[in-house]
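Okay everyone, thanks for coming. I'll walk you through one structure today, so have it open in front of you and stop me if you get lost.

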Amino acid sequence: MRSGGGAVIRVLVVHDACLVRSVLAEWLRRAPDLGVYDTPWRSAPARARSVRPDVCAVDLEYSDAYGLPPLGELRAREVGRTPPHLLVLASAKRPGLLRRALEAGALGYVDKEGSPDNLVRAIRRVAQGERFVDESLGFGFLKAAEMPLTRRELSVLSLAAEGASVAEIAGSLHLSHGTVRNYMAAITRKTGARNRIDAIRISQGEGWV
């Protein structure tokens with residue numbers, strides 16, 4: 001157990017809002033068994049490598065990449081180093097992000113609208129390698145399980161959301177132009193969108209891309 005024997009739990013708080021991140025880190029430092037560091041997402045992977053935290057407590061909103069944070073980079077394996085446990089600050093309103101966190105191997109899921117004391121409890125549980133899930137996120141997980149798009153469709157849509165043309169998407173994914181158009185048609189239909197732009201808007205709102 002990482003925190004056994006009275007050892008301090010090293011926690012890296014990752015949040016893009018400087019004020020929120022600073023206040024949250026200072027609040028967590030009140031707990032005598034937590035050693036707390038903080039960073040924005042853009043420098044999070046490098047900070048995690050230098051700090052070597054037991055737990056990364058991360059906000060799922062990522063300002064630089066359409067809401068898709070590089071969760072996998074925080075847990076990149078290195079020789080002689082155990083990857084940190086991942087705890088996410090989430091919302092049931094963005095089920096796609098919950099699904100991405102689950103796929104990235106997150107152990108803890110804390111509702112951002114919940115009590116700060118709940119976060120401390122979650123950190124301690126996750127540091128022991130135990131799962132922690134806020135009951136209030138249950139509906140979000142149900143919605144995440146219902147995400148209609150396949151991985152290939154998500155890849156196409158993610159590139160489209162970045163402004164890539166059909167030709168550029170086709171080149172990046174080694175597909176024909178016609179196949180890309182078929183994927184976009186399927187995405188539009190499955191999301192109930194009016195067109196490509198509307199499909200991107202809906203999907204970003206759900207946290208799928």
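**Helices, a sheet and two odd loop residues**

Let's start with a pair of helices: H9 and H10 are oblique to each other. This is a predicted model, by the way, so keep that in mind throughout. H9 covers residues 177-191 and H10 covers residues 196-206, and the two pack at an angle of about 55 degrees with their axes 9 Å apart. That angle is why they get called oblique. The crossing of H9 and H10 is left-handed. If you want to click on the contact, H9 brings Met-184, Ile-187, Thr-188 and Thr-191, and H10 brings Arg-196, Ala-199, Ile-202 and Ser-203. Sorted by class, that contact is a mix of 4 nonpolar, 3 polar and 1 charged residues.

Okay, let's zoom out. The chain has 209 residues, and 48% of them are buried. In it you'll find 10 helices and 6 strands. Now take the contacts with a separation of 6 or more: 66% of those come from residues 24 or more positions apart.

On to the strands. In what order do the 6 strands sit in the open sheet? Reading across, it goes E2-E1-E3-E4-E5-E6, with parallel pairing. For anyone rusty on this, strands of a sheet pair through backbone hydrogen bonds, and that can be parallel or antiparallel. The edge strands here are E2 and E6, each pairing on one side only. E6 is residues 132-133, if you're looking for it.

Let me pick out two of the pairings. E1 and E2, which is residues 34-39, run parallel and are joined by 6 bridges. To see one, find Val-13, whose bridge partner in E2 is Asp-38. Then there's E3, residues 55-59, and E4, residues 85-90, which pair in the parallel sense over 5 bridges. There, Ala-57 stands opposite Leu-87 in E4.

So is E1 enclosed or not? E1 is residues 9-14, and 5 of its 6 residues are buried, so the strand is largely enclosed by the rest of the structure.

What lies across the sheet? One answer is H1, which lies across E1, E2 and E4 and runs at about 170 degrees to E2. Another is H5, which lies across E1, E2, E3, E4, E5 and E6, running at about 155 degrees to E4.

Those two helices also meet each other. H1 is residues 18-28 and H5 is residues 116-127; their axes come within 11 Å and cross at roughly 65 degrees. H1 and H5 are therefore roughly perpendicular to each other. H1 passes H5 in a right-handed crossing. On the H1 side the contact is made by Leu-24, Trp-27 and Leu-28, and on the H5 side by Pro-116, Asp-117, Leu-119, Val-120 and Ile-123. By class, the contact of H1 with H5 has 7 nonpolar residues, no polar ones and 1 charged.

Next, a helix that's tucked away. H7 is residues 151-161, and 8 of its 11 residues are buried, so H7 is largely enclosed by the rest of the structure. The buried ones are Glu-153, Leu-154, Val-156, Leu-157, Ser-158, Leu-159, Ala-160 and Ala-161. What covers them? The cover includes H4, H8, H9 and H10, and you'll remember H9 and H10 as the pair that pack at about 55 degrees. After H7 comes Gly-163, which has a positive phi, near 95 degrees.

Speaking of positive phi, let's finish in the loops. Most residues other than glycine have a negative phi. Two residues here go the other way. Arg-52 has a positive phi near 55 degrees and isn't a glycine. You'll find Arg-52 in the loop between H2 and E3. Arg-52 is partly exposed, with a relative accessible area of 45%.

His-174 isn't a glycine either, and its phi is positive too, about 60 degrees. His-174 is in the loop between H8 and H9. Is His-174 buried or exposed? Its relative accessibility is 74%, so His-174 counts as exposed.

That's my tour. Questions are welcome.

How values were computed. Residues are numbered from 1 along each chain as its sequence is written. This is a predicted model: local features need pLDDT of at least 70, side-chain atom pairs count only at pLDDT 80 or more; totals for chains, interfaces and linings use all residues. Side-chain values use heavy atoms; hydrogens and water are left out. Axes are lines fitted to C-alpha atoms, for helices over the stretch in contact, and angles run from 0 to 180 degrees between N-to-C directions. Helices (H or I, at least four residues) and strands (E, at least two) are DSSP runs, numbered from the N terminus. Angles under 35 degrees count as roughly parallel, over 145 as roughly antiparallel, 65 to 115 as roughly perpendicular and the rest as oblique. A crossing is left-handed if the near helix is turned anticlockwise from the far one by less than a right angle, and right-handed if clockwise. Contact means heavy atoms within 4.5 Å. Ala, Val, Leu, Ile, Met, Phe, Trp, Tyr, Cys and Pro count as nonpolar, Asp, Glu, Lys and Arg as charged, and the others, Gly among them, as polar. Buried means under 20% relative accessible area, exposed over 50%, partly exposed in between (1.4 Å probe, protein chains only). Two strands pair if DSSP finds at least two bridges between them.
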